[in-house]
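Here are a few exercises on side-chain charges and a bound ligand. Have a go at each task before you read its solution.

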Amino acid sequence: MNIDLTGRTALVTGSTQGIGLAIATGLARAGARVGVNGRNAERVEKAAAEVGGFPVVADVVAGADEALPDVDILINNFGIFESRPALEITDEEWRRYFDANVLSAVRLTRAYLPGMMTRGWGRVQYIASDSAVTTPSEMIHYGMSKTALLAVSRGFAKEAAGTGVTVNSVIAGPTHTGGVEEFVHSLVGRDLPWEEAQREFMRLHRPHSLIQRLIEPEEIANMVTYLASPLASATTGGALRVDGGYVDAILP
Ligand SMILES: NC(=O)c1ccc[n+]([C@@H]2O[C@H](COP(=O)([O-])OP(=O)(O)OC[C@H]3O[C@@H](n4cnc5c(N)ncnc54)[C@H](OP(=O)(O)O)[C@@H]3O)[C@@H](O)[C@H]2O)c1
C-alpha cells in the first residue's frame, strides 16, 4: 500500500510530544503539510522543525478556531488525564474534563468540517482510549470524556454522510509515552532493567493486554495515518482499536 498525503494540510492538536508527535511525524512522512500544536512556542517550534511541519501555537481549550485558515485532516489528539478517587471528583473537575477533552475537539470540528464537506474530501479523527469502553474506577471523569468522543465521532460522521469526508475515533491502549517509564518503575521496582520492568508491569497491572507490552506511539500513528489517507475512504463512523487487545471485546 502506498499512503500518499501530498497536497493535504493537517492539524494535530497537542503534538509537541507523545502520541501527537508520532502522529504528526507519520502524516508528514506520508507527504502532508502538518501543523504541530501546543501552547508553548519554544516547544512547538522545536517539534515542528523535527517533524518538518509548521508551528501552530494555540491553546485548544481556550479556543483555536482562528489558528489555521483551513485543513483537510484534523486529528483531535490533545487530551488530559490523571487519576482521582471517584467520589472526590468535583463539579469543577467534571466540567474541566468535558471542556478540555470533548468541547475543544467539538469546537475544532465545527470550525473545519464545513470546509472539508464543501471541498468534498476530508478526514476528522478523535484519539480516544481503552478508558472510553472500560471506565477505570480511578478516573471516571477521563473515561467519561473519552466515551463522549466516540459519540461525537459517530455523530459528526453522520453529519458528513455522502460528502467524501470520513470521521472516526481511534481507541489507543496503554502507550509508552513520556513519564510512563517512571510510573512503571514506581510500581514494579527501580532495580529492574526497562524491558523486564515492562514485562512485570504488564503481567501484574495490565493482564488483559494481549501483546503484554506497552504500545509504541508510532503504532497508533500508523493507524491514524492510514485512516487519514485516501485508502481508508470506506471507513467512517467507526472506532478503530490500537489497544494491543486490551479491551476484552470483539467490537469496540
Ligand atoms: N499515554 C497513553 O498511554 C494514552 C493511552 C490512551 C489514550 N491516550 C490519549 O492520547 C492523547 C495524547 O496523549 P499523550 O500521553 O501522548 O499526551 P501528552 O504526552 O500529555 O502530551 C500532551 C500534548 O498536548 C499539548 N497541550 C497541553 N495542553 C494543551 C492545550 N490546552 N492546547 C494545545 N495543546 C496542549 C502539550 O504541549 P504543551 O504543554 O507545550 O502545550 C503536549 O504536546 C490524549 O488524548 C490521551 O488521552 C493516551
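**Exercise 1: salt bridges**

R84 is partly exposed, with a relative accessible area of 27%; on this scale, buried means under 20%, exposed over 50%, and partly exposed in between, using a 1.4 Å probe and protein chains only. Before going on, note that this is a predicted model, where local features need pLDDT of at least 70, side-chain atom pairs count only at pLDDT 80 or more, and totals for chains, interfaces and linings use all residues. Residues are numbered from 1 along each chain as its sequence is written, and side-chain values use heavy atoms, with hydrogens and water left out.

Task: find which side chain meets R84 in a salt bridge, and work out which residues are linked with R84 in a network.

Solution, step by step:

1. Use the criterion: a side-chain nitrogen of Lys or Arg within 4 Å of a carboxyl oxygen of Asp or Glu.
2. R84 pairs with E93 at 3.1 Å, N to O. E93 is buried, at 11% relative accessible area.
3. Now take E82 and R96, whose side chains meet at 2.7 Å, N to O. E82 sits in the loop between β4 (73-76) and α3 (91-119) and R96 in helix α3, so this pair ties together parts that are 14 residues apart in sequence. (Helices are DSSP runs of H or I with at least four residues, strands are runs of E with at least two, and both are numbered from the N terminus.)
4. Check exposure: E82 is partly exposed at 31%, and so is R96 at 38%.
5. Put it together: E82, R84, E93 and R96 are linked in a network of salt bridges. The structure holds nine salt bridges.

**Exercise 2: the ligand shell**

Task: describe what surrounds the ligand and where the polar backbone atoms of V60 and N77 come in.

Solution, step by step:

1. Count the shell: 28 residues surround the ligand, with T16, Q17, R39, N77 and Y142 the closest; a residue qualifies if one of its heavy atoms lies within 4 Å.
2. Sort by class: 10 are nonpolar, 14 polar and four charged.
3. Look at the elements: β5 (122-129) is one of those supplying at least two residues, and its three residues are the largest share.
4. Check the backbone: a polar backbone atom of N77 is 2.7 Å from a ligand oxygen, while one of V60 is 3.0 Å from a ligand nitrogen.
5. Finish with cover: the protein covers 89% of the 900 Å² of accessible area that the ligand has on its own (Shrake-Rupley method, 1.4 Å probe).

Notes
A polar contact is a pair of N or O atoms within 3.5 Å; within protein, one must be able to donate a hydrogen and the other to accept it, and residues adjacent in sequence count only if both atoms are side-chain atoms. Ala, Val, Leu, Ile, Met, Phe, Trp, Tyr, Cys and Pro count as nonpolar, Asp, Glu, Lys and Arg as charged, and the others, Gly among them, as polar.
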